Amino acid sequence: MERPCLYIVIPCYNEEQVLPITCGMFLEKLNSLAAAGKISEDSRILFVNDGSKDGTWEIICRLAAEDPHYIGISQSRNRGHQNAVLAGLMEAKDRCDITISIDCDGQDDINAMDEMVDAYLDGCEIVYGVRSRRDTDTFFKRFTAQGFYKLMNWMGAEVVYNHADYRLISSRALQELAEFKEVNIFLRGMVPLVGFKSTSVYYERHERMAGESHYPLRKMLSLAFDGITSLSVRPIRLITGLGLVIAVLSFIGVIWAVVSGLMGNTVTGWASTVCIVCLMGGIQLLCLGVIGEYIGKIYLETKARPRYIISDRTWE
């Protein structure tokens with residue numbers, strides 16, 4: 001069997017502190033896989049600059065000039081992690097046989113790539129990198145992360161538990177992923193929808209080697225909400241169910257009020273009236289907010305704007 005060409009796709013946003021440290025690790029891994037006869041010598045490391053405001057792109061250009069195994073593309077502006085990963089995958093799909101997407105910070109164990117490539121050689125088109133445990137996380141982060149995956153599955157979005165964006169995807173699977181045209185991207189849920197034979201590789205995640213995390217709680221919550229609203233309509237159905245329950249209770253309340261009035265047992269109650277009005281107002285605003293989020297996503301989808309724009313490449 002001919003050795004496959006591998007592109008390691010690495011999104012980068014303001015990574016000038018960590019990139020000089022991890023770039024050598026990625027190159028060493030690429031060379032070791034080639035030396036073991038698992039991948040071809042034409043394999044590359046593809047950096048995707050996601051509109052960084054520091055010297056990240058300059059470092060990528062320098063690396064590309066020093067070693068042909070390093071190549072890079074730069075987006076015209078910052079478009080977010082998911083769009084950066086997608087840009088790299090789409091750029092690589094016609095140039096290689098397999099891709100492995102991984103973050104730049106060195107937290108994901110690069111040695112898991114060996115097992116990923118082995119699984120591909122055994123016939124798998126998609127291989128998910130899955131965290132075996134979360135001992136390095138704080139209690140809050142571990143609790144919220146586990147709750148996120150359980151919530152996503154309960155909402156009907158098919159995601160792999162404890163898997164982020166560290167995965168191997170074959171060119172064949174990427175060609176099919178390219179047919180997904182939505183603007184609201186959540187790759188953790190989109191990739192399983194592609195299908196094909198898949199498996200998981202388990203690894204331990206480490207501390208970030210340098211710099212600060214670009215995914216604070218605010219961005220994590222935004223990603224979770226985007227994932228739910230992009231892949232599931234269950235929130236809309238929950239609203240429908242909630243409306244039905246409230247309608248039944250309201251109907252019962254009307255009957256109770258009429259019967260009490262006919263029997264002369266009515267008692268004026270300001271507090272109870274205010275509580276009911278506030279409860280109903282809060283529920284209505286919440287429901288309108290969820291519906292508005294879906295309408296907003298529909299609005300963005302109808303515009304069909306490009307999901308990424310490549311402004312520069314390290315090759316011509």
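The exercises below, each with a worked solution, concern a predicted model.

**Exercise 1. Determine where L177 lies, whether L177 is buried or exposed, and which residues L177 touches.**

Step 1. Locating the residue in the secondary structure places L177 in helix α6, which covers residues 171-177.

Step 2. The relative accessible area of L177 is 3%, and because buried means under 20%, L177 is classed as buried.

Step 3. Once residues up to four places away in sequence are set aside, the contacts of L177 are M90, M190 and V194.

Step 4. For a distance along the backbone, take G195, which is 18 residues from L177 along the chain and whose C-alpha atom is separated from that of L177 by 9.7 Å.

**Exercise 2. Describe how helix α1 and helix α2 pack, giving the angle, the handedness of the crossing and the residues that meet.**

Step 1. Helix α1 spans residues 19-35 and helix α2 spans residues 56-66, and the two pack at an angle of about 35° with their axes 11 Å apart.

Step 2. The handedness is then assigned, and the crossing of α1 and α2 proves to be right-handed.

Step 3. On the α1 side the contact is formed by L19, P20 and C23, which meet T56, I59, I60 and L63 of α2.

Step 4. Sorting the residues of this contact between α1 and α2 by class gives six nonpolar residues, one polar residue and no charged ones.

**Exercise 3. Establish how many disulfides the structure has, and examine the surroundings of C5 and the exposure of C61.**

Step 1. Searching the whole structure yields zero disulfides.

Step 2. For C5, the nearest cysteine sulfur belongs to C96 and is 5.6 Å away; because a disulfide requires sulfur atoms within 2.5 Å, C5 is in no disulfide.

Step 3. With a relative accessible area of 10%, C5 is buried, whereas C61, with a relative accessible area of 30%, is partly exposed.

**Exercise 4. Characterise D108 by its location, its burial or exposure, its contacts and its polar contact with Y203.**

Step 1. D108 is found in the loop between β4 (98-101) and α4 (112-121).

Step 2. The relative accessible area of D108 is 6%, so this loop residue is buried.

Step 3. Apart from neighbours within four places in sequence, the residues in contact with D108 are I102, D103, Y166, Y203 and R205.

Step 4. Turning to the side chains, one finds that those of D108 and Y203 are joined by a polar contact of 2.7 Å.

Notes: Residues are numbered from 1 along each chain as its sequence is written. This is a predicted model: local features need pLDDT of at least 70, side-chain atom pairs count only at pLDDT 80 or more; totals for chains, interfaces and linings use all residues. Side-chain values use heavy atoms; hydrogens and water are left out. Helices (H or I, at least four residues) and strands (E, at least two) are DSSP runs, numbered from the N terminus. Buried means under 20% relative accessible area, exposed over 50%, partly exposed in between (1.4 Å probe, protein chains only). Contact means heavy atoms within 4.5 Å. Axes are lines fitted to C-alpha atoms, for helices over the stretch in contact, and angles run from 0 to 180 degrees between N-to-C directions. A crossing is left-handed if the near helix is turned anticlockwise from the far one by less than a right angle, and right-handed if clockwise. Ala, Val, Leu, Ile, Met, Phe, Trp, Tyr, Cys and Pro count as nonpolar, Asp, Glu, Lys and Arg as charged, and the others, Gly among them, as polar. A polar contact is a pair of N or O atoms within 3.5 Å; within protein, one must be able to donate a hydrogen and the other to accept it, and residues adjacent in sequence count only if both atoms are side-chain atoms.
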